[in-house]
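Trainee: I should like to work through this model by question and answer. May we begin?

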Number of protein chains: 2
Amino acid sequence: MRRTTSPEVLLRLHRQAGVPLRAQLEGQLREAIRGGRLRPGVQLPSTRVLAADLGLSRGLVVAAYEQLLAEGYLTAHSGSATRVAGREAEPARATAVGAEPAPPQWRYDFRPGVPDAALFPRRAWLTSLRRVLASPSDAVLGYPDARGPEQARTALAAYLNRVRGTAARADRIVMCTGFTQGLRLVSRALHRRGVAAIGIEDPCHAAHRAAILSTGLEVIPIPVDDRGLRVERLESSGAGAVFVTPAHQYPTGAVLAPERRAAVLDWAARTGALVIEDDYDAEYRYDREPIGTLQGLAPDRVVLAGSVSKTLAPALRVGWLVLPADLAPEVAALKYEEDLGSPALDQLAYADFLDRGELDRHLRRTRLSYRRRRDSLVTALQRHLPGLRVRGVAAGLHLMVELSPGASETEVVAAAGRHSVRVYGVQTHRAREQGPPALLLGYGRLGSAAIAEGVTRLAAVLA
Amino acid sequence: MRRTTSPEVLLRLHRQAGVPLRAQLEGQLREAIRGGRLRPGVQLPSTRVLAADLGLSRGLVVAAYEQLLAEGYLTAHSGSATRVAGREAEPARATAVGAEPAPPQWRYDFRPGVPDAALFPRRAWLTSLRRVLASPSDAVLGYPDARGPEQARTALAAYLNRVRGTAARADRIVMCTGFTQGLRLVSRALHRRGVAAIGIEDPCHAAHRAAILSTGLEVIPIPVDDRGLRVERLESSGAGAVFVTPAHQYPTGAVLAPERRAAVLDWAARTGALVIEDDYDAEYRYDREPIGTLQGLAPDRVVLAGSVSKTLAPALRVGWLVLPADLAPEVAALKYEEDLGSPALDQLAYADFLDRGELDRHLRRTRLSYRRRRDSLVTALQRHLPGLRVRGVAAGLHLMVELSPGASETEVVAAAGRHSVRVYGVQTHRAREQGPPALLLGYGRLGSAAIAEGVTRLAAVLA
């Protein structure tokens, strides 16, 4: 089938203006081209279509196009469309506000917490999108349920119950645009309930601390050690909730010890507080048994928050909250108020992806890749930097390397950068606690050879 | 290629527990099935994979599976996978909080402002998704620019400049999750700048009024007549901004008169106020020339807000703001704070869809369909309800029918509902102004025959 392309162009003729229509048409096209509204290379409507649109004779439009061709504003080749002439200028560079840093100037970027885009299962994801779009249901395309389509929440609950040991139900899930929005939604709901402050791990991802603060809640930093959050400090803190990463503390990599898991749930039950559980990369574990969620133990006291940002890709922006029964309606109402709901097609594609076992397949495959990279990183650190303590190696997509006590994170990061190695200091994630200077090394996006070379260079910098 | 499916299941064995491992495995599987964590029909991992995962001998896992098969917890047929036995229970019905109303009980639903899902260009949209996923760029999958990928903003600016007469630049666009989020982002930014109140049209979509109020801003209702917003009332209102629908007032369908367009921009320039322009269904116009945006006339005083909810489908949740230079960084920062950015794949797919001229094609096709439906509705109203005044017929996806002064909207809506006709009262969109009772009749989702029958029934109700 040959498809006729008839681009839309905003033109408006004034029949009472006393200016001939052809002159008006030419003038408006000229002005639109000169002013940049019509960019070089843009295709104009055919003379037939434009004449019909504007209620003009076709001859008049032909004459106007010929005039502009003669003036050099337009180009046409026999058999092809009429287009705006000239070469396209470079689009103005966007200023980076709320933007990613510019494309990597680093050859060895140890960014933590980002999976490898090259491992993204593009074909399987596209299949899920195709299957969803082929569904005859109008619900796929209309105004969404603000919590996400029921079908998507049902599939998600089944997956989380099976793999993460949750006690999730579709009607207590609110899907959202990534983890950060979920954390803000819960924080807003707590704020409305009169909660003044929320306990956070110290260190804790700086962006998450900022997200909580942006809702008007205060944060109370609670120290973290090798066994995770020091729960006994919650008792006197006055916090009405706590935000924890029990399966894999960020950034230290500690696992919340069994007695502390019990203690945090006991604290929540005694004080009526809420536990917000960030299950951010629980699916990636290498040397230890999987750790189920706190939510599965106390679904009425725990909010589980998760996303596909570590397992699949951050750009998908698919996230969720598994909520206690009494909190689910409030959070759903806030989600509706904020944006009416996240894109339903993506949520349904994720459900299809889960239901077909594609995530299981993907995790089995990528877990092997990441384990190899982790091994390469640990081996390289042992060889080139044997004196430094390495933490959090058993799981996740990053580990932490403690520097010698006198070292300056800032200087090390800057010096490594000069050798095209990007590493990340931990200090930015600390609130009150002073810990040893340390670096976060993510191995999600680097191959084994790059990891080895990056560590060699880092060792040279530290020497 | 035969793909082996190995679903993930959370199981955790305790080697020091004094309980035989096989008994632990059986017990945990039994408990997971009884408790609903493993739903009927769920496939278990193969014995080989599970044995490797748990560090057990394969024989032990086979024995455990056989025991559970014998007990009826599992089923297996030769050559296929082992699954959890039993029939799946109905998933609990979700309670409708922030949710769409239950699937239509109405045969004739005149819901305004919703396009026909059957007209959605599924194939072309899928092609755009495929093209984006085929791109080798990592940027497609990593953490997004909170404003949307530059490529998407560039394509959007070019489209809006060409078709809507804007003066848009990629670096002043913030893409977001639909129109409502955009309106809230701008309202939040104004609130932070010390603006106390924003003028709104009266009537104005109730959801938009609520979205503004939710940010802490007050609203000042300004009356609307046949020529749109009564701009002279802004002067004494004290509003620091105004929210308008100049191309097609919602819900009355009025077009903002030329002298009022000039007046509102003049007011904004004199007082330093901001104009928020909702361009919600400007692409659908039938009997009049297109009307360019206010933003194109005063890009430093006007925020243009738009989405694909009317042109393509609300479920896509692709929206945008075209902002003045000084406001763009603030709004981008708020967007980053709220959710780090909307799904990049959808935004890039929309850009590809624009660049390939697919939206132009789609609009030309659907405009004809909607025009026919509009004609059917107008004809039916003339025939069956000749006494009622009809407004806003020249454009959009709905029109407004004024009832006789004594009529009760609520009663008419309820009575029509009893005849399976769903119509919508306008009163809910009024703030202060008392106008005549009226109905909103959307024709986006109904074919011509359904429209005729719906109006016939409505006339019977009103008789």
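Mentor: The model is a predicted one. The buried residues of H2(A) are covered by elements that include H1 and H3 of chain A together with helix H11 (358–384) of chain B.

Trainee: Which residues of helix H2 (residues 47–54) of chain A are buried?

Mentor: Buried here means under 20% relative accessible area. In H2(A), that condition is met by Thr47(A), Val49(A), Leu50(A), Ala51(A) and Leu54(A).

Trainee: What residue follows H2(A), and what is the sign of its phi?

Mentor: The helix H2(A) is succeeded by a glycine, Gly55(A). Its phi lies near 70°, and the sign is positive.

Trainee: How are H1(A) and H3(A) oriented to each other?

Mentor: Helix H1 (residues 21–34) and helix H3 (residues 58–71) of chain A pack with axes 9 Å apart and an angle of about 45°. Angles under 35 degrees count as roughly parallel and 65 to 115 as roughly perpendicular. The two helices H1(A) and H3(A) are therefore oblique.

Trainee: Of what hand is the crossing of H1(A) and H3(A), left-handed or right-handed?

Mentor: The contact involves, among others, Leu21(A), Leu25(A) and Leu29(A) of H1(A), and Leu60(A), Ala64(A) and Leu68(A) of H3(A). The residues of this contact divide into nine nonpolar, one polar and four charged. As to the hand, the crossing of H1(A) past H3(A) is right-handed.

Trainee: Which strands stand at the edges of the open sheet of eight strands in chain B?

Mentor: The order of this sheet is E4-E11-E10-E9-E8-E5-E6-E7 (chain B), and the pairing is mixed. Each edge strand has a single partner strand, so one side of each is left without a neighbour in the sheet. The edge strands are E4 (173–176) and E7 (228–229) of chain B.

Trainee: Which helix packs on this sheet, touching E4 and strand E11 (319–322) of chain B?

Mentor: The direction of the helix makes about 25° with that of E4(B). The helix spans residues 328–339 of chain B and is H9.

Trainee: In what sense do E4(B) and E11(B) run, parallel or antiparallel?

Mentor: In E11(B), Gly319(B) stands opposite Cys176(B). The strands E4(B) and E11(B) are joined by four bridges, and their sense is antiparallel.

Trainee: Which residue of E10(B) stands opposite Asp278(B)?

Mentor: Strand E9 (residues 274–278) and strand E10 (residues 302–307) of chain B pair over four bridges in the parallel sense. Opposite Asp278(B), in E10(B), stands Ala305(B).

Trainee: Which residues of E4(B) point the other way from Ile173(B) and Met175(B)?

Mentor: Ile173(B) and Met175(B) point one way from the strand, and the residues on both sides are all buried. Those that point the other way are Val174(B) and Cys176(B).

Trainee: In the open sheet of four strands in chain A, what is the bridge partner of Arg389(A)?

Mentor: That sheet has the order E12-E13-E16-E15 (chain A), with antiparallel pairing. Strand E12 (389–391) is one of its edge strands, and three bridges join E12(A) to strand E13 (residues 398–402). The partner of Arg389(A) in E13(A) is Glu402(A).

Trainee: Is Gln249(B) buried or exposed?

Mentor: Gln249(B) is placed in the loop between strand E8 (241–244) and helix H8 (258–271) of chain B. Apart from neighbours within four places in sequence, its contacts are Glu201(B), Pro203(B), Val224(B), Ala254(B) and Tyr280(B). With a relative accessibility of 1%, Gln249(B) counts as buried.

Trainee: What kind of peptide bond joins Asp202(B) and Pro203(B)?

Mentor: Pro203(B) lies in the loop between strand E5 (197–202) and helix H7 (206–213) of chain B. Omega of the bond between Asp202(B) and Pro203(B) is about 5°, and the bond is cis.

Trainee: And which residue is joined to Pro251(B) by a cis peptide bond?

Mentor: Pro251(B) is found in the loop between E8 and H8 of chain B. Omega is about 5°, and the residue joined to Pro251(B) is Tyr250(B).

Trainee: What is the relative accessible area of Leu340(A)?

Mentor: Leu340(A) lies in the loop between helix H9 (328–339) and helix H10 (344–355) of chain A. Its phi is near 70°, a positive value in a residue other than glycine. Leu340(A) is buried, and its relative accessible area is 14%.

Note on methods
Residues numbered from 1 in each chain as written. Chains lettered and ligands numbered in written order. Predicted model: local features only at pLDDT ≥ 70, side-chain atom pairs only at ≥ 80, totals over all residues. Heavy atoms only, no water. Pairing = 2+ DSSP bridges. Contact = heavy atoms within 4.5 Å. Axes fitted to C-alpha atoms, helices over the stretch in contact; angles between N-to-C directions. Buried < 20%, exposed > 50% of the residue type's maximum accessible area, 1.4 Å probe, protein only. Parallel < 35°, antiparallel > 145°, perpendicular 65-115°, else oblique. Left-handed = near helix turned anticlockwise from the far one by under 90°. Nonpolar A, V, L, I, M, F, W, Y, C, P; charged D, E, K, R; others polar.
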